[in-house]
Each structure stands twice: as C-alpha cells, then as structure tokens.
Amino acid sequence: MPDQTVTIEFFDQEPSTFAGDLLVFLVEEGIPQAAESGMGINRLLAKVQATGDFKGEKDQAFVLYPGLVGTDAAQGVAAKRVLFVGLGKPDEAINSRRERLRLAGGTIAKQAGAVKAKEVLLVPPKEYLLDAVEIGQCLCEGFLLGNYRFDLYKQPKEDDPPVRVERLLLHDGGLAASAVRKGLELGRILAEATCAARDMANQPGNGWTPADFAEYAKKLGKKSRLKCTILDKGDLQKLRMGGILGVNQGSAQPPFLVILEYKTNKKNPTVLLVGKGLTFDSGGISAKPPAGMEDMKYDMCGGAAVLAAMQAIVEIGVPEVNVVALVPATENLSGAAALKPGDIIRHYGGKSSEIINTDAEGRLILADALAYGIETYKPQAVIDVATLTGAVIIGLGHHYTGLLGNNDQWADQLTEAGARVGEPLWRLPLGPEYRKQIDSRIADIKNAGSDRSGGTITAACYLQEFVGETPWVHLDIAGTAWDFTEKTYIPKGPSGIGVRTLVDCLRQWRPIQSADKNQ
C-alpha cells in the first residue's frame, strides 16, 4: 500500500509565528474577519476583498505572498504564503455547514498541492454555528481526503517529483483547544480509514486478491483489540457455503470468509456488517462486455468499506454496541469449472438457488455471509454494503447510494448518518410483488429475474431471503463507490464511500424497538 500518512499536530502558538509554507484562514461571505489575532490578517483581508477578487464565496480561494506585499498588514507574518478560503454565505443547515468545511478542507489540499506546500497551518473560523469538535473533525477530514493520491505503480518524474503535504497543523482559532484537538483526532482516524479503503480499491486485480483481504484483517487483529477469524476453502466446504464456493469455481484464487469482531460488553447488542469482497468480476460465463471491464477491480469496495470501518471503530470506540464484520472474498472468472447458467447451488442453511445469470454473483456470496453471520452472532441489526447492481446507477446516478431494508428505524438511522457525513442515501421499496420476480420453477429461488425491471430491488429481495426478521439494511454502492459526485475531497476513481457512514451510524447508535412488518 502507498504511504498516505500526514503528520498531524495541534499548533498552540500565535499563527503569526508559523514560518511554514502555507497559512490558511477560512472566511464566510459578507463577514470581513478571518481571525481573532494580533496579526494584521484582517486588514490584509480587507484589502483583498476591496479588489473584488475574493468575496468568501464557497470554494473560492486566494493566495498571497506576505514577503511581496508592501503593507503594514503583512508585516509580522512569517509564513511564506497566506491562503484565504471561502465558506460561502452563512447557512443554518447543520449538515450543509459540515459539508462546507469538508469542501473547504479539500480546496486547501488542492491549493497546497498547486504551490507544493509541505507544511500547512490551518486556522478554523470561530463563529461558525458548529461545535469546536465538529469544526476540527470536518476540516481535517476534508483536507486529508482531498490530499489523497494513489501513485504506487507510477515512476516519479525526475524533473518534477511529486510534492505532498507532509505536516498539517491546526490552530484553535479562538475555540476551545481541547475540543479542536478531539475533532482533529476524529477527522484523522476517519480520513485515514477512508483512504485505506480507497487504496484497496485502487489496487489492480492482481494486486488485491481474496488472500489480501485475509492478510489485511489479520494485521488489523494483531495490532488492535479486534478478533480475527479466517475461514478458508476447506472451512467453507464443511459449512456448505455453496454461494461463495459456486462463484469461486472459475477462479484459481481460493476464497475466504474474513471475520473481525469488536467486543465491548456482553450485555450490549451486536451489529453485523457484511461487505462484498469480489476482487475482480468478469461476469463469469455470463461475461461482461470488454469496455469498462477494468473497473471491475472495484467490485470489492463494499468489503473494503467494512474492513476500513472496523479499522476506525477500534480507534474511536463505539461503546454501546458490539460489532462483527464479515467479508466474503473471491473472484468471479470463467475458468473450466465455472458456474453455468442453469446450475443449482445450495446456500448455507440449505436454501437452493437456480443460477440464471452468473454475473449476478454478489448476492450469492453475500447470502452465505448473511445467513452464517446472523445464525452465529445473533445480531440485533445488520448492514450489508455492496457494489451490487448496475441498475442502481440507472435509477440514482452517481449521487446517491441505494438503500433497501426491512426496518424503518434502522433505515432512518443509516440515512441520517449518511446525511451527516456527506454520503447521501435514497431508500427504494421492497415487497412481495418484486419478490415474485425471482421465483424459480425448480429451486427455492433464482438469482435473477426474467427481465431487468427493478434490478436493484430484486437483488435486495434475494438477500432478504437470508436475514429473516432481523432488522436489516442493504446499501447498493455501485453508483457511488467510484465516480461519486465530484467534490474537492473526492478524487476520481474510488471514493471510499461507506466507511464514514458506518462509523457515524454506530457512534450514534439508537436501540431498535421492534421489527417492522410492512416491508
């Protein structure tokens, strides 16, 4: 994995003493003050605003060089450059304010990259209608996510070597220093976990295999309080997990079921996370078209999100719940023994499935993991995350993750978490009229309908067969795991979506009172 580490520290001196590459202030539109300080920054800001080149509009940025500015305002500023970043007009919507800080953080990272700054000091706004913890967290998240690069396989240019920010400093800006420190640490943990998920996804199919999922989980277990269990092909055969084994038949790479457990208290409820770990998907016998197939290395983004969320959870802590994560990991290729349309498999627990389309493979491996996880760990609630259907992109584009589930309270908790972290979810229906589309004449169920109508919903109906009455939510991230809505802190390629939503949801856990009967 490439090293994305940025040294992050709290800066407790006057910003004027910072002699590094870039000193940053955030400014709301219409507010002529950037900081409470003995520096002449506010006078300098007034001169900049008077030119009309910077008004504090959202994502607006203005760089100046104090050493080249012949005014009293610039005297005493030791930094090589000063950057003003706009936050836009004041907005009382809390989620919008959180997102604006993340976007500002991404803008700062972009500007830092443009001037090849290695050391950055960020001074947060004092009057911003968010508590100091959230201000520190959102700024740090946005900056670190915007600073992300993946160039593991590129040879550096000798005449233009890449320069990245190596040290990020955060001042309190007049806010409570202890709260800003806490937010800085939260933002660091969440951003680093999200970047870890991006790293996994960016790896090619020959650089990230099912065995790499297993190794990554083992390393997490060794350096943290997570318990790691790896079920190999022999274990899966003993457990009769025909879904994982069937999808794996055409691959030379052995399959694994990766399990991580985070335990707080036996009295606490357990939440089960399941992530699709399809490290490359050719479609199997029902082969995908060649155009764009290289993106099928991203079919493991759900598994990456779940593992990375566990990485963050063990650092941050979620004291109200126990968490178990399962990642069924395999490839879907068309080798001589590959699953064929018309074949019948048996899932864990005995339910038979007629294979209509071998490219509808994600639901097969998730079904085994869901059935096994629910029977083994008796969770109070379940979330599965998967790049499951192209149909969700037709319906929602690349802007919302599709959400389906059998429990309104649980669905609401996930939706609220997604809104808080800037990863929006949109709920789609479930019901018997959709379930009929996957009735099989010769088996208990079939893995695809006779036509493509409601494809995202029928895929979720398949999964619902294996969760019973347990409150369950399915997140279809096929449209958002890569090519997600363009943002300053979201690069082209994999977004790492799901990591921050899962962690936020579990940190804000509310007990689920009863199962809904209307889904």
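This is a short conversation about reading a sheet and a pair of helices in a predicted model.

Colleague: Happy to have you as a guide! How do the strands of a sheet pair, and in what order do the strands lie here?

Modeller: Strands of a sheet pair through backbone hydrogen bonds, either parallel or antiparallel. In this model, 6 strands make an open sheet with mixed pairing, and the order across it is β1-β6-β5-β2-β4-β3. At the edges sit β1 (7-10) and β3 (61-64), each pairing on one side only. From one strand to the next, the twist averages 20°.

Colleague: Let's take one pair. In which sense do β3 and β4 pair, parallel or antiparallel?

Modeller: Antiparallel: β3 and β4 (residues 82-86) are joined over 4 bridges. To find the pairing on your screen, look for A61, which stands opposite V85 in β4.

Colleague: Which helix lies across β1 and β6?

Modeller: That is α4 (residues 177-202), and its direction is at about 170° to β1. The strand β6 covers residues 167-170.

Colleague: Now the helices. Why is α11 called oblique to α14?

Modeller: Start with the axes: those of α11 (residues 408-421) and α14 (residues 499-507) come within 8 Å and cross at roughly 120°. Angles of 65 to 115 degrees count as roughly perpendicular and those over 145 as roughly antiparallel, so α11 is oblique to α14. Their crossing is right-handed.

Colleague: And which residues make the contact?

Modeller: On α11, look for W410, Q413, L414, A417, G418, R420 and V421; on α14, for R500, T501, D504 and C505. Sorted by class, this contact of α11 with α14 has 5 nonpolar, 3 polar and 3 charged residues.

Terms used:
Residues are numbered from 1 along each chain as its sequence is written. This is a predicted model: local features need pLDDT of at least 70, side-chain atom pairs count only at pLDDT 80 or more; totals for chains, interfaces and linings use all residues. Side-chain values use heavy atoms; hydrogens and water are left out. Two strands pair if DSSP finds at least two bridges between them. Helices (H or I, at least four residues) and strands (E, at least two) are DSSP runs, numbered from the N terminus. Axes are lines fitted to C-alpha atoms, for helices over the stretch in contact, and angles run from 0 to 180 degrees between N-to-C directions. Contact means heavy atoms within 4.5 Å. Angles under 35 degrees count as roughly parallel, over 145 as roughly antiparallel, 65 to 115 as roughly perpendicular and the rest as oblique. A crossing is left-handed if the near helix is turned anticlockwise from the far one by less than a right angle, and right-handed if clockwise. Ala, Val, Leu, Ile, Met, Phe, Trp, Tyr, Cys and Pro count as nonpolar, Asp, Glu, Lys and Arg as charged, and the others, Gly among them, as polar.
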